[in-house]
Amino acid sequence: MRRIALCALALMLAPLLAPRNALALDAAAEAGVAFLAGTVNPDGSWGGTPTSLTGRLHTTAEAVRSLRALGADDIAAFDDALGFLAAQEPSITELIGRRAEALGGLVDLGDELATLLATQNVDGGWGARAGFSSNVLDTALALRALHALGIPPGTIVQGETVASGVPDVLAVEVPPGSTQLRIVVTALSGSIDVRIRQGSVPPITDPFFHLTAAPVQIVLTPTSFPALVAGQNYIRIDTASSATYSLEVSVVAPAGNGSVTLAGARYLLGARNADGGWGLGGQDGDSRVFYSSEAALAVARSIAPGAAIAFLLTRRNADGGFGDDGTSTAFETALTLRALTAMGFDPTSLSPSPVAYLAASQLADGSWIEDPYSTALAIEVVGLGAPTPSPTATPTPTATATPTPTPTPTPTSTASPTPVVTPSP
């Protein structure tokens with residue numbers, strides 16, 4: 001059994017890393033938090049000073065996100081920062097996304113959700129504003145904001161080969177109140193059987209959809225058979241011999257249609273360079289750590305992570321840190337560690353240690369280069385010296401006898417040009 005993808009409700013405001021171990025991490029974390037508490041501007045923001053790498057909204061949103069992730073939201077500066085962010089009305093997609101990612105679940109962001117939905121381009125991406133061409137950074141931040149606002153990420157599987165007796169299993173989180181789970185098989189060589197069950201991997205005796213050609217779609221609703229049930233759903237794919245397939249999965253949740261986030265992930269996948277990284281404008285041949293980490297965080301739950309992980313590891317330098325052109329920086333190292341962890345890679349296996357690089361570069365005042373942005377990123381990840389979480393495990397399918405093959409069902413006519421299949425018993 002192989003777990004090839006995980007489509008989950010990516011709550012980007014929750015820590016992408018494990019909660020920090022109090023015994024091993026308090027000193028570095030508290031020093032960084034103390035620096036932030038002591039350097040907040042009178043208006044509640046961070047940044048905008050000679051030592052700041054980013055603007056006030058960007059820096060403040062990152063600081064709020066990290067403080068929430070660490071559970072350090074009890075300092076007075078945090079409330080001041082919330083007031084600053086709540087008062088902002090950014091018009092740039094990236095900043096709309098950063099603000100929504102930081103404030104998700106704390107204030108009403110209905111206007112931001114409406115703006116993001118209205119400004120998505122036909123290619124699935126987002127530009128700096130409505131009418132602007134799509135780019136990687138704005139698309140990544142728009143996607144992460146939509147995830148934080150409750151629209152589930154989609155899953156994209158391309159050219160996956162499954163063998164007899166070794167099923168593929170995908171895990172899909174269906175939020176309560178969702179009305180549809182849609183699986184579209186976009187390419188298929190051979191035939192596959194698809195089983196879906198909530199709560200556990202379906203045994204081979206469950207009813208299945210027998211697919212022999214593409215494109216074809218499977219649609220589950222609360223009244224279909226099998227019925228759509230909220231919670232963790234597992235999609236099991238078997239074949240009698242060998243088959244190669246591509247598919248996409250999306251969920252229609254109360255917050256919105258997952259086809260929106262699926263299209264965004266599709267754009268980012270298409271904009272990725274041959275080396276597995278991303279530049280700002282898409283396939284421009286200039287992959288950078290910053291854009292690649294920001295994009296990887298947006299699609300960590302949507303696409304196979306191997307190529308992005310491989311690229312980021314090529315930007316690891318001799319001192320253990322990460323950065324372009326052989327020069328490590330604290331903010332690029334921290335962003336890379338967040339992205340690697342989100343994609344299921346354990347950075348503690350690396351030597352020399354990127355965590356040690358960050359620890360060694362923390363200043364006596366608790367900051368990294370006296371920059372609130374770098375500090376906010378670093379305090380969340382210096383705890384990687386402690387055990388890190390593993391990706392959500394997918395249970396092993398129940399071993400039972402192979403059922404008697406059933407005939408391919410006749411497609412049901414629908415308004416969609418892609419036929420819908422019904423399950424075989």
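## Helix α2

The expected span of a helix is 1.5 Å times one less than its number of residues. Helix α2 has 15 residues. From first C-alpha to last it reaches 21 Å, close to the expected 21 Å. This is a predicted model.

α2 is mostly covered, with twelve of its 15 residues buried. Among them are Leu57, His58, Glu62, Arg65, Leu67 and Ala69. Just after the helix, Gly71 takes a positive phi of about 70°.

## Overall build

The protein has twelve helices and ten strands. It contains 425 residues, and 55% of them count as buried. About 16,400 Å² is exposed, with carbon and sulfur atoms supplying 56% of that area.

Contacts across the sequence are prominent in the count. Taking contacts with a separation of 6 or more, 74% join residues 24 or more positions apart.

## Nonpolar cores

In soluble globular proteins, nonpolar side chains tend to be buried together. Here the largest nonpolar core has 76 residues. The residues with the most contacts inside it are Leu67, Leu85, Leu268, Trp278, Val299, Met343 and Leu358. Leu67 is also one of the buried residues of α2.

Which residues does Leu358 touch, leaving aside those up to four places away in sequence? They are Ala330, Thr333, Leu337, Trp368, Ala378, Val381 and Val382. Two of these, Ala378 and Val381, are among the buried residues of helix α12. Apart from the largest core lies another, of 25 residues. It includes Val194, Ile196, Leu211 and Ile218.

## Salt bridges

Side chains of opposite charge can pair when their charged atoms come close. The whole structure holds 18 salt bridges. One of them joins Arg65 and Glu380, whose closest N and O atoms are 2.2 Å apart. Arg65 lies in α2 (residues 56-70) and Glu380 in α12 (residues 372-381), so the pair ties together parts that are 315 residues apart in sequence. Both Arg65 and Glu380 are buried.

A second bridge stays within one helix. Arg98 and Glu94 meet at 2.9 Å, N to O. Both lie in helix α4 (residues 93-103), four residues apart, about one turn of the helix. Why do Arg98 and Glu94 count as buried? The cut-off is under 20% relative accessible area. Arg98 is at 2% relative accessibility, so it counts as buried. Glu94 is at 15%, so it too counts as buried. Salt bridges that share partners join both residues into one network with Glu62, Arg65, Glu101, Arg144, Glu294, Arg338 and Glu380.

Arg236 and Asp238 also form a salt bridge, at 2.7 Å from N to O. Both of these residues are buried.

## Helix α12

How many of the residues of α12 are buried? Ten of its ten are. They run from Pro372, Tyr373, Ser374 and Thr375 through Ala376, Leu377 and Ala378 to Ile379, Glu380 and Val381. Glu380 is the residue that pairs with Arg65.

## Strands β3 and β8

Six of the seven residues of strand β3 (residues 168-174) are buried, so the strand is largely enclosed by the rest of the structure. β3 pairs with strand β8 (residues 231-238) in the antiparallel sense, over seven bridges. Which residue of β8 is the bridge partner of Ala171? It is Tyr234.

How values were computed
Residues are numbered from 1 along each chain as its sequence is written. This is a predicted model: local features need pLDDT of at least 70, side-chain atom pairs count only at pLDDT 80 or more; totals for chains, interfaces and linings use all residues. Side-chain values use heavy atoms; hydrogens and water are left out. Helices (H or I, at least four residues) and strands (E, at least two) are DSSP runs, numbered from the N terminus. Buried means under 20% relative accessible area, exposed over 50%, partly exposed in between (1.4 Å probe, protein chains only). Contact means heavy atoms within 4.5 Å. Accessible areas come from the Shrake-Rupley method with a 1.4 Å probe; for residues, only the protein chains shown count as cover. A nonpolar core is a set of buried Ala, Val, Leu, Ile, Met, Phe, Trp, Tyr and Cys residues joined through side-chain atoms within 4.5 Å. A salt bridge is a side-chain nitrogen of Lys or Arg within 4 Å of a carboxyl oxygen of Asp or Glu. Two strands pair if DSSP finds at least two bridges between them.
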